[in-house]
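Biologist: I am new to this structure and would like a close look at a single part of it. Please take one residue, describe its surroundings, and then place it in the rest of the protein.

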Amino acid sequence: MLAGRQREREALIRLLESVRRGFSATLVLRGEAGIGKTSLLEYAVANAGDLRIVRVVGIESEMELGFAGLDQLVRPFLPAVDHLPPPQRRALESALGLVDGPPSDCFLVGLAVLTLLSDAANEGGLLCVIDDAQWLDQTSADVLAFVARRCHADRIGFLFGVREPAERSVALEGLTSVTVRGLDAAAAHRLLADLVSGALDRRVREQIVDRAAGNPLALVELTRELTPEQLAGAAWLPDPLPLAADMQTRFWQRVVALPAQVQELLLLAAAEPSGDLRLFERAAGRLGLERALADARGFGGLLDLRERVTFRHPLIRSAVYRGAAGNARRRVHAAIAAVSDQKLDADRVAWHLAAAAEAPDKAVAAALVRSADRAKSRGGMAAAAAYLRRAAELTPDDGRRAERLLSAAEAEFTAGGATRALVLVDRIGPELRDPGRRAAALHLRGAIQSALGDGRQASSTLLKAAQALMPLDSRAARDTLLEALIAAFYSGPRARAEALEAIRAAGPGSRDHPCVADLILDGYTTLQSDGPVAAGPLLRRAVDALTADDLPDHEALRWLGCGMWAGSELFDREAGYVMGNRWVALCRENGALMALPLALDYLGTCEAITGRLDAAETTNAAGRDILSATGNPDRLGIRAVELLVPAWRGDEARVRELAAAMIRDSVERDQGAGVFYAHLALGILEISMCDYPAALDHVRVLMDDNGPYFGPAVLPDAVEAAVRCGDERLADLAVERLTMRALGDSNELVLGLLNRCQALTAGAEDSEDYFTEAITHLERCRAVSELARAHLLYGEWLRRQRRRSEARQHLRTAYESFEAIGARKFAERAGVELAATGEKARKRTVEGADQLTEREAQIVRLVATGASNKEVAAQLFISANTVEYHLRHVFQKRGITSRTMLAAAFRDST
């Protein structure tokens with residue numbers, strides 16, 4: 001029976017039709033308990049035709065068992081696991097406990113599930129139905145939401161039923177949802193007529209409909225409560241009608257009216273969610289309930305024991321379990337643990353034993369710790385945190401309890417629960433006896449503060465952790481010092497000064513065999529104390545180490561971001577580009593989706609400042625795509641690349657809007673880096689429009705701070721703005737700082753920029769030599785935008801020297817270069833100057849340049865490198881079917897018939 005629900009039914013039919021057409025679709029049904037979500041899911045199943053159906057049911061008592069929900073989903077498809085790409089296969093098998101292996105990143109597991117389901121759907125379409133999603137374990141919920149977001153051309157439908165309000169929410173943000181509301185009066189009357197086979201008095205009918213308030217389950221339960229005489233109006237109705245405002249309370253009232261042994265059998269069924277009938281019967285026997293089980297198989301219509309142990313409605317399970325007394329719950333959990341397989345089901349046994357424990361229990365706590373270790377080995381960090389939290393509660397020894405709380409906090413933080421991890425750290429107290437573990441607790445607190453955006457506090461806490469670690473583990477201490485410095489860089493000058501002072505006080509690292517962290521630390525402290533000339537060789541060694549082929553992946557993943565900052569200090573943008581690409585590739589290979597958006601932001605920023613604006617936009621789109629796929633759309637706020645690209649594009653309104661928002665957000669979070677990025681981008685914009693006084697205001701902020709990355713990055717802009725405004729002191733200071741950079745580590749880019757700046761500050765007799773030298777150097781590197789600016793400035797200078805013919809050549813080159821990369825305001829500026837020489841700029845047109853979508857552009861870039869569809873899918877965290885779908889569209893748009901032609905066209909366009 002499904003009365004009314006026209007809107008919901010139409011949404012479900014649209015989803016099914018989309019799947020049949022070869023696409024994927026997702027729908028989340030949200031609503032209060034009993035409102036009809038499960039009935040709607042069954043309606044979809046009934047109308048699914050020949051689509052393959054796979055079901056998952058979230059169970060409240062399994063919320064802490066890692067990958068429990070995912071196991072339900074993929075179990076039918078496990079025979080096909082061998083066909084997965086090896087990294088995906090290993091991740092999924094490890095997550096499900098099928099093989100021993102390293103912990104699996106949950107999003108790499110998600111990619112494996114996506115590939116598995118996509119391949120299965122090729123045989124005729126697939127409908128995944130997930131009911132009571134609010135009770136899914138956290139890891140499974142994250143994976144399923146990730147997969148649902150990544151499906152496109154895969155013939156997969158996802159249907160989620162979510163109870164709201166609920167004590168626990170799941171990360172389904174951004175997925176299409178429908179709120180299932182109460183039935184209207186007409187639909188309620190139709191449902192009631194279907195429910196009652198005998199006579200139904202009109203006034204009784206009105207009272208029932210009014211009392212149920214549109215809740216279908218309430219209508220069903222009211223008709224069960226009333227006798228045929230009452231329904232027919234021949235007997236008095238109870239006043240009020242027997243329906244609690246809370247349906248769960250009403251179910252509990254019905255349960256307590258049953259015999260005590262039947263109540264205990266219901267509680268046993270509620271405590272053991274697997275539905276295993278044999279296990280249920282064994283546990284009932286241990287409790288001495290065999291006779292009640294034989295005599296009470298009806299259970300008042302609340303429980304079905306025909307094939308599996310199944311409650312008529314999920315609310316009944318909740319009502320039974322929550323309504324029972326604590327000692328009754330403990331008794332049934334103990335019975336379930338006793339009759340379960342102690343080896344094959346050790347984790348559920350441990351969880352049942354923990355639920356049965358009335359007081360701290362050393363043995364049960366130890367069993368939970370072993371379960372946590374198994375969960376960690378599968379990558380189920382959220383489950384590990386839950387086991388360890390409960391283990392701490394059951395640990396009688398204060399010191400050991402504190403240790404387990406710390407381990408729980410570490411697991412929670414790794415699982416992405418920074419706020420929950422901080423709550424656990426706050427509970428540890430002074431009982432943590434081991435100095436190394438106390439230092440670890442400080443380190444964890446600092447890492448959490450950094451993740452939550454509190455850079456200044458994070459830096460201070462990490463410095464304390466490093467100080468505590470120094471006498472215990474100097475290597476770990478110096479690594480922690482670098483983490484503190486990174487946090488300080490984001491916070492601002494005060495935190496940076498404190499961090500550098502602490503690092504200097506700690507002394508240098510190993511002089512014979514320094515590691516990457518030592519080189520970066522020593523490089524930055526030397527930069528602060530002795531300047532760029534002395535620091536250059538140290539930073540160069542760090543960059544060389546990070547771009548070396550033999551650098552271990554774990555070190556690269558940890559420090560490549562620092563290396564890109566160090567490369568910027570040296571004006572080695574090519575090394576930055578190499579490091580950025582490696583960082584992104586390693587994140588993708590290892591399924592490190594929490595780090596990948598940051599790596600993409602760094603790479604996109606590097607691409608933007610070197611003039612690869614199309615590539616930067618594609619990279620940024622990939623970063624935003626991953627943030628959305630993982631359910632964290634606002635984790636980074638406004639990304640640096642999102643500000644720099646429109647600044648170079650000359651999108652004035654967009655830059656000013658984003659810059660103002662970034663400054664507001666950064667000030668609120670005490671994150672100085674965001675403020676500096678905003679001023680850097682605004683300075684570029686103002687220079688492109690020749691508003692030099694406004695540009696000078698922005699570059700002066702960065703010159704006054706002279707901090708890492710921004711201090712050197714702003715120098716060429718500072719020289720141009722200061723010269724045009726007549727501020728000789730600032731111009732000379734910027735040239736002096738740039739000269740020191742060139743002396744510290746000379747390369748074509750820094751020499752070209754230095755010569756360009758010297759040309760602006762030199763006298764007329766020397767400027768030309770500096771300009772030509774600048775162009776010579778810049779032609780040898782890939783900084784397209786900087787070379788174009790050199791031609792522009794040289795052309796402007798030549799025109800003012802009345803050498804119009806020579807000026808025309810450089811201005812034309814500048815104009816064409818700016819047009820090619822899409823730097824519109826700079827191109828307009830060059831065009832105005834070119835017109836002043838008597839030549840009209842011809843606007844460059846690129847046929848079809850804007851025809852590709854962001855996703856298509858990402859795929860084209862990867863296919864052009866020779867990657868197969870499966871390799872592209874793995875890098876973009878989508879399915880091979882989706883890659884093929886987008887490639888077909890690209891071929892149609894561009895009139896291309898092969899991947900070879902596509903690669904050639906891509907090379908020509910870049």
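Modeller: Thr480 is buried in this predicted model, because its relative accessible area is 2%, and the cut-off for a buried residue is under 20%. The residue belongs to helix α24, which covers residues 474-491. Leaving out residues up to four places away in sequence, Thr480 touches His443, Leu462, Ala465, Ala466 and Leu469. Its side chain also has a partner in the backbone: a polar atom of the Thr480 side chain lies 2.8 Å from the backbone oxygen of Ala476. An α-helix has 3.6 residues a turn, so residues three or four places apart point the same way. As for a more remote position, Ser628 is 148 residues from Thr480 in sequence, and the two C-alpha atoms are 31 Å apart in space.

The helix that holds this residue also packs against another one. Two packed helices are described by the angle between their axes and the distance between the axes. For α24 and helix α26 (residues 516-530), the angle is about 50° and the axes are 10 Å apart. The two helices are therefore oblique to each other. The crossing in which α24 passes α26 is left-handed. On the α24 side, the residues that meet α26 are Arg475, Arg478, Asp479, Leu481, Leu482, Leu485 and Phe489. On the α26 side they are Ala517, Asp518, Ile520, Leu521, Asp522 and Tyr524.

A second threonine can be set beside Thr480. Thr223 is found in helix α9, residues 216-225. Thr223 is buried because its relative accessible area is 14%, with the cut-off at under 20%. Its side chain reaches the backbone oxygen of Val220 at 2.7 Å. Beyond its neighbours within four places in sequence, Thr223 is in contact with Leu192, Leu195, Val196 and Leu231.

There is a further helix pair to put beside α24 and α26. Helix α35 (residues 692-705) packs on helix α38 (residues 728-744) at an angle of about 50°, and their axes are 12 Å apart. That angle makes α35 oblique to α38. Leu696, Arg700 and Met703 make the contact from α35, while Arg729, Leu730, Leu733, Ala734 and Arg737 make it from α38. Here, too, the crossing of α35 past α38 is left-handed.

Burial can also be followed along a whole helix. Helix α44, residues 854-863, is mostly covered, with eight of its 10 residues buried. The buried residues of α44 include hydrophobic side chains, namely Ala857, Ile859, Val860, Leu862 and Val863. Arg855, Glu856 and Gln858 are buried in α44 as well.

Two arginines outside the helices have a backbone angle worth a look. Most residues other than glycine have a negative phi, and most peptide bonds are trans. Arg5 has a positive phi, near 65°. Arg5 sits in the segment before α1 (6-20), and it is buried, with a relative accessible area of 9%. Arg155 also has a positive phi, near 60°. Arg155 lies in the loop between α6 (138-150) and β4 (156-163). With a relative accessibility of 26%, Arg155 counts as partly exposed.

For the protein as a whole, there are 47 helices and seven strands. The C-alpha trace spans about 110 × 65 × 50 Å along its principal axes. Of the 910 residues, 56% count as buried. Among contacts with a separation of 6 or more, 68% are between residues 24 or more positions apart.

The confidence of the prediction comes last. The average pLDDT of the protein is 88, and 95% of the residues score at least 70. Among the elements, helix α37 (residues 715-725) has the highest mean pLDDT, 97, and helix α47 (residues 899-909) the lowest, 74. Over residues 845-850 pLDDT stays under 50, and the model has two contacts beyond four places in sequence for them. Where pLDDT is low, the predicted coordinates should not be read in detail.

Key: Residues numbered from 1 in each chain as written. Predicted model: local features only at pLDDT ≥ 70, side-chain atom pairs only at ≥ 80, totals over all residues. Heavy atoms only, no water. Helix = DSSP H or I, 4+ residues; strand = E, 2+ residues; numbered from the N terminus. Buried < 20%, exposed > 50% of the residue type's maximum accessible area, 1.4 Å probe, protein only. Contact = heavy atoms within 4.5 Å. Polar contact = N/O pair within 3.5 Å; in protein donor to acceptor, adjacent residues only side chain to side chain. pLDDT = per-residue confidence, 0-100. Axes fitted to C-alpha atoms, helices over the stretch in contact; angles between N-to-C directions. Parallel < 35°, antiparallel > 145°, perpendicular 65-115°, else oblique. Left-handed = near helix turned anticlockwise from the far one by under 90°.
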